[in-house]
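Thanks for coming, everyone. Please have a look at the sequence and the model on the screen. I'll walk you through them.

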Amino acid sequence: MVGARAVRDRAAGHGRAIGFGLLTTVGALGGLAGTAGYDWLERHASLASIMRVGLVIETFTHLGLALATTGWVALLIMFVFGAHAFVWGTTSRTVRMRAVPTELQGRVGSLYSTGVFGGIVAGQALGGVIAKVWGITGPFWFAFVGSAIILALIWRELAHIAHADEAALAA
């Protein structure tokens, strides 16, 4: 994932394993930064705005990795994506907990986890097929287009989803 072309170009030797480890480490460091800044972010932006910006970041992460030709660009992208992933996790859980009645939160959380991890498994299988047919950048392009379509379809609804409980909280 070091930028798809960079991985392809460095596939020989240990550079690939070190590159992948470095990418995941930088992503984790981004996650720590996102976690550290979450309180500030939540005080200065609505949940809907956090969700919208997060999904834009996720969409352009795929595009950036498809276009990246150097490792340092991929590292920067992974740092930002790591921050987004941790912010998204907190925001999506907050929204779910506010919108779902207490007695159903366990079921909804389990269903969400099943969808996430099932999607990861299915995505890995599909990504392998796409890479075999269209090359190593194919999965990133596929993810970019798919994310962009989903983002366009749900953009307006994010404000309603993220703040569905505000009337009840105000009362």
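I'll start with the overall picture, then go to one helix, the cores, a pocket and three residues.

One caution before anything else: this is a predicted model. Keep that in mind throughout.

So, what is the secondary structure of the protein? It comes to 7 helices and 0 strands. Read from the N terminus, the elements go α-α-α-α-α-α-α. The protein has 171 residues, and 31% of them count as buried. The surface it exposes is about 10,500 Å². Carbon and sulfur atoms supply 70% of that area.

Now contacts. Take those in the protein with a separation of 6 or more. Of these, 77% are between residues 24 or more positions apart.

Next, one helix. Helix α5 covers residues 105-134, which is 30 residues. What span should we expect for α5? Count 1.5 Å a residue, and the helix should span 44 Å. In the model, its end C-alpha atoms are 41 Å apart, so the two values agree. What follows α5? Glycine 135 does, and its phi is positive, near 95 degrees.

On to the inside. In soluble globular proteins, nonpolar side chains tend to be buried together. Which residues make up the largest nonpolar core here? There are 9 in all: Tyr38, Leu47, Ile50, Met51, Leu55, Val87, Val95, Leu151 and Leu158. Three elements give two or more residues to this core: α3 (47-67), α4 (71-99) and α6 (138-162). Helix α3 gives the most, with 4 residues. Another core lies apart from this one. It has 7 residues, including Leu23, Leu65, Ile77 and Phe140.

Now find the second largest pocket. Its volume is about 190 Å³. The lining includes Met51, Leu55, Val95 and Leu158. You heard those four names in the largest nonpolar core as well. Also in the lining are Trp88, Ser92, Arg96 and Tyr112, among others. Which elements give two or more residues to the lining? They are α3, α4 and α6. Helix α4 gives the most, with 5 residues.

Let's finish with three single residues.

First up is threonine 61, in helix α3. Is threonine 61 buried or exposed? Its relative accessibility is 6%, so it counts as buried, the cut-off being under 20%. Leaving out residues up to four places away in sequence, threonine 61 touches Ile77 and Phe81. We met Ile77 a moment ago, in the 7-residue core.

Next comes glutamine 105, found in helix α5. Its relative accessibility is 24%, and therefore glutamine 105 counts as partly exposed. What does glutamine 105 touch, not counting residues up to four places away in sequence? The answer is Met97 and Val100. Val100 also appears in the lining of the second largest pocket.

Last, phenylalanine 142, which lies in helix α6. Its relative accessible area is 48%, so phenylalanine 142 is partly exposed; exposed would need over 50%. Set aside its neighbours within four places in sequence, and phenylalanine 142 is in contact with Leu126 and Ile130. Take leucine 126: it is 16 residues from phenylalanine 142 in sequence. In space, the two are 9.9 Å apart, C-alpha to C-alpha.

That's my tour. Over to you for questions.

Definitions and conventions. Residues numbered from 1 in each chain as written. Predicted model: local features only at pLDDT ≥ 70, side-chain atom pairs only at ≥ 80, totals over all residues. Heavy atoms only, no water. Expected span 1.5 Å × (residues − 1). Buried < 20%, exposed > 50% of the residue type's maximum accessible area, 1.4 Å probe, protein only. Contact = heavy atoms within 4.5 Å. Areas by Shrake-Rupley, 256 points an atom, 1.4 Å probe, with all protein chains shown as cover. Core = buried A, V, L, I, M, F, W, Y, C linked by side-chain atoms within 4.5 Å. 1 Å grid on protein atoms, 1.4 Å probe; cavity = no way out; pocket = protein on both sides within 12 Å on 5 of 7 lines; lining within 4 Å. Points joined across faces, edges and corners; volume = space filled by probe spheres on them.
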